[in-house]
Amino acid sequence: MQTVLFHSTIFGPIKSRRLGVSLGINLMPNDGKICSFDCLYCEAGFNAQGPGKDGIPTREAVKKGLKRKLEAMKAAGETLDVITFSGNGEPTVHPHFLEIVKDVMRLRDNYFPEARVSVLTNSTMCGRPAVAEALKLVDNNIVKLDSALAATFRTVNRPASPNCLPEGVIEDLKQFEGQCIVQTMMLRGDYEGKHIDNTTDDEVNALIEAYKQIKPREVMLYSIDRQTPAQDLQKVTATELEAIAQRMRAAGFTVQVNA
């Protein structure tokens, strides 16, 4: 079984195809995965691998680890484009997410004030006031919406809650009043007898209508780049992504393609 990617709370820096030189923060266990989605394409594997034994890091551990790393990078004359909340699951499920975000913003200001703070979130916790407050503080609030059609949404993202539907996610994302970036994974393939393809006209039209409600400052379109836990998924080509992006641009959105 494919397992978690990150084995420390602070990891990198790594070169992100979307964000530049990125120092990562993993608020989930170093030896397991905790997520409110169980996406077919998740590079950290399926949730069935379990949460591990280490547990989630404390607020103090995150703060100390990040301070130590930023001090070392500054002393070495390294550059930093972004500090990114990512890792082995959904960062916003951490019970002290808001407090940790505030700590990170202060440390960023002290050591690399030109760097941005980004959160990669699957959007499921955006209805919680503390999570929404935290996401309004960061520079890049990068939220997920892979499909605006319920059947595809639930097949691809496999939310833990049976009540999690795209309509509710879209409603929660409207509260940011455009202060968000929507990332959408475009893919096709088969899983457990179901064919998946969110590149069809119906899917793209539904996404455009959802974006009109959310009013994101940017849309990030991307496709599979690494091994996926579901084996029969296919990468959407750069040409196809660009064609979809052009339709979205014609509807008035700024779209970045990451093939």
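Contact here means heavy atoms within 4.5 Å. Keep that in mind for these close-ups, which all show a predicted model.

**Figure 1. Here is helix H2 and what covers it.** H2 covers residues 97-111, and at 1.5 Å a residue its 15 residues should span 21 Å. The C-alpha atoms at its ends are indeed 21 Å apart, so the expected and actual spans agree. Which residues of H2 are buried? They are Phe-97, Leu-98, Ile-100, Val-101, Asp-103, Val-104, Met-105, Leu-107, Arg-108 and Tyr-111. The elements covering them include two helices, H1 (59-75) and H3 (129-137), along with strands S2 (20-26), S3 (82-86) and S4 (116-121).

**Figure 2. Now look at how helices H1 and H2 cross.** Their axes come within 10 Å, and the crossing angle is roughly 15 degrees. Because angles under 35 degrees count as roughly parallel, H1 is roughly parallel to H2. On the H1 side, the contact is made by Arg-59, Val-62, Lys-63, Leu-66, Lys-67, Leu-70, Glu-71 and Lys-74. H2 brings Glu-99, Ile-100, Asp-103, Val-104, Arg-106, Leu-107 and Tyr-111 to that contact. As for handedness, H1 passes H2 in a right-handed crossing.

**Figure 3. This view takes in an open sheet of eight strands.** Read across the sheet and the order is S1-S2-S3-S4-S5-S6-S9-S11, with mixed pairing. Which strands sit at the edges? They are S1 (10-16) and S11 (255-258), each of which pairs on one side only. On average, neighbouring strands of this sheet are turned by 25 degrees against each other, ignoring direction. Helix H1 packs on the sheet and touches S1, S2 and S3; the direction of H1 makes about 55 degrees with that of S1.

**Figure 4. Zoom in on strands S6 and S9, a parallel pair.** As a reminder, strands of a sheet pair through backbone hydrogen bonds, either parallel or antiparallel. How many bridges join S6 (residues 181-185) to S9 (residues 218-222)? There are five. To find one of them, start at Gln-183, whose bridge partner in S9 is Met-220.

**Figure 5. Next comes an open sheet of three strands.** The order is S8-S7-S10, and the pairing is antiparallel. S8 and S10 are the edge strands, each pairing on one side only. Neighbouring strands in this sheet are turned by 10 degrees against each other on average, again ignoring direction. What about S7 (residues 187-191): is this strand largely enclosed or largely open? Four of its five residues are buried, so S7 is largely enclosed by the rest of the structure.

**Figure 6. Strand S7 has bridges to S8 and to S10.** S7 and S8 (residues 194-197) run antiparallel and are joined by four bridges. Within that pair, Gly-189 has Ile-196 as its bridge partner, while Asp-190 stands opposite His-195. S7 also pairs with S10 (residues 233-235) in the antiparallel sense, over three bridges. Here you can pick out Arg-188 standing opposite Gln-234 in S10.

**Figure 7. Finally, check out the turn between S7 and S8.** The two strands form a hairpin, with two residues between them. Look for Glu-192 in the turn: this residue has a positive phi of about 50 degrees.

Terms used
Residues are numbered from 1 along each chain as its sequence is written. This is a predicted model: local features need pLDDT of at least 70, side-chain atom pairs count only at pLDDT 80 or more; totals for chains, interfaces and linings use all residues. Side-chain values use heavy atoms; hydrogens and water are left out. The expected span of a helix is 1.5 Å times one less than its number of residues. Buried means under 20% relative accessible area, exposed over 50%, partly exposed in between (1.4 Å probe, protein chains only). Two strands pair if DSSP finds at least two bridges between them. Axes are lines fitted to C-alpha atoms, for helices over the stretch in contact, and angles run from 0 to 180 degrees between N-to-C directions. Angles under 35 degrees count as roughly parallel, over 145 as roughly antiparallel, 65 to 115 as roughly perpendicular and the rest as oblique. A crossing is left-handed if the near helix is turned anticlockwise from the far one by less than a right angle, and right-handed if clockwise.
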